[in-house]
Amino acid sequence: MKSSLIAVAIIASSLSLKAQTKWVIDPVHSSVNFTIEHLVISEVEGKFKTYNGTISAAKPDLTDAKIDFTVDVNSIDTDNEMRDKHLIAADFFDAEKFPKMTFKSTSLKKLSGNKYVLNGNLTIHGITKPAKFDVTYGGTAKDGYGNTKAGFKGKGVINRFDYGLKYNALTEAGGAALGKDVEIDLKLQFAQAK
């Protein structure tokens, strides 16, 4: 009797391990973009070129997903080398001291259909704050090499001042050169780990 209980426990344990599916970012088919208001009259766009992320979930609807994402601050690209150097300097991101931004999910809630709300803790410039993203799940498909891929779009807004990114020059009229709100636009494809 005791040995059969142990066998059942081992089988149940192995089944729960097999049920856990891991996904890793496919950077070739993904992008991490942002937009910020400039001079109150227009917007500047940029992206980060280097990042990695994983999703681990057992449920097909992903509501139990654990998501970890890391961005290399030094990979910022706004199509202007002088501006990019300023953004990683000490008076903005201070990338030498804080080279990574991280996000760790706390929940992924399904709203309806393929719409979700993702909550988690976002760390920028050494400061961690709760962040929320509206997520659209594009589904899964196999690529030409037999790899299973999953696609997501995510949008969120953060206040850069909350993360200590307080640099701001004033315009001639006395207004702020940069807005406080940063729109984040994610287009992410993950590959199922083999």
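Is Lys66 buried, partly exposed or exposed, and what is its relative accessible area? Point 2 takes this up, after a word on the chain as a whole.

1. Overall layout. This is a predicted model. The protein chain holds 2 helices and 11 strands. Read from the N terminus, its elements follow the order α-β-β-β-β-β-β-α-β-β-β-β-β. The chain has 194 residues, of which 36% count as buried.

2. Lys66 and strand E5. Lys66 is partly exposed, because its relative accessible area is 49%. Lys66 belongs to strand E5, which covers residues 66-72. In space, the C-alpha of Lys66 lies 5.9 Å from the C-alpha of Ser105, although 39 residues separate the two in sequence.

3. Asp68 and Lys104. A salt bridge joins the side chains of Lys104 and Asp68, with an N to O distance of 3.0 Å. This pair links distant parts of the chain, 36 residues apart: Asp68 sits in strand E5 and Lys104 in strand E7, residues 100-112. Asp68 has 31% relative accessibility and is therefore partly exposed.

4. The loop between E4 and E5. Two residues of this loop deserve a look. Lys59 is located in the loop between strand E4 (51-57) and E5. With a relative accessible area of 47%, Lys59 counts as partly exposed. Its C-alpha is 8.0 Å from that of Ala19, and the two residues are 40 apart along the chain. Leu62 is also placed in the loop between E4 and E5. Leu62 counts as buried, because its relative accessibility is 8%. The phi angle of Leu62 is near 65 degrees, a positive value in a residue other than glycine.

5. Asp77 and its contacts. Asp77 is part of strand E6, residues 76-77. Its relative accessibility is 14%, so Asp77 counts as buried. The Asp77 side chain makes a polar contact of 3.3 Å with the side chain of Lys49. The side chain of Asp77 also reaches the backbone nitrogen of Asp79, at 2.9 Å.

6. Asp79. Which loop holds Asp79? Asp79 is in the loop between E6 and helix H2 (81-88). Asp79 is exposed, because its relative accessible area of 75% is over the 50% cut-off. Phi of Asp79 is near 65 degrees, a positive value in a residue other than glycine. The backbone nitrogen of Asp79 is the atom reached by the Asp77 side chain.

7. Salt bridges. How many salt bridges does the count come to? The count comes to 7. Among them is the bridge between Asp143 and Lys149, at 3.5 Å from N to O. These two residues are linked with Asp26 in a network of salt bridges. Are Asp143 and Lys149 buried or partly exposed? Asp143 counts as partly exposed, because its relative accessibility is 25%. Lys149 is buried, because its relative accessible area of 12% is under the 20% cut-off. Another bridge connects Lys187 with Asp185, whose closest N and O atoms are 2.9 Å apart. Lys187 has 38% relative accessibility and therefore counts as partly exposed.

8. Gly139 in strand E9. Gly139 is found in strand E9, which spans residues 127-142. Gly139 counts as partly exposed, because its relative accessible area is 22%. The C-alpha atoms of Gly139 and Phe152 are 7.8 Å apart, with their positions 13 residues apart along the chain counted as the separation.

9. Negative patch. Which residues gather in a patch of negative charge on the surface? They are Glu37, Glu43, Glu45 and Glu183. One of these, Glu37, lies in strand E2, residues 31-38. Glu37 counts as partly exposed, because its relative accessibility is 38%.

Key: Residues are numbered from 1 along each chain as its sequence is written. This is a predicted model: local features need pLDDT of at least 70, side-chain atom pairs count only at pLDDT 80 or more; totals for chains, interfaces and linings use all residues. Side-chain values use heavy atoms; hydrogens and water are left out. Patches are made of residues with over 30% relative accessible area and no salt bridge: like charges are joined within 9 Å, nonpolar side chains (Val, Leu, Ile, Met, Phe, Trp, Tyr) within 5 Å. Accessible areas come from the Shrake-Rupley method with a 1.4 Å probe; for residues, only the protein chains shown count as cover. A salt bridge is a side-chain nitrogen of Lys or Arg within 4 Å of a carboxyl oxygen of Asp or Glu. Lys and Arg count as positive and Asp and Glu as negative; His and the chain ends are not counted. The place of a charge is taken as NZ of Lys, CZ of Arg, CG of Asp or CD of Glu. Helices (H or I, at least four residues) and strands (E, at least two) are DSSP runs, numbered from the N terminus. Buried means under 20% relative accessible area, exposed over 50%, partly exposed in between (1.4 Å probe, protein chains only). A polar contact is a pair of N or O atoms within 3.5 Å; within protein, one must be able to donate a hydrogen and the other to accept it, and residues adjacent in sequence count only if both atoms are side-chain atoms.
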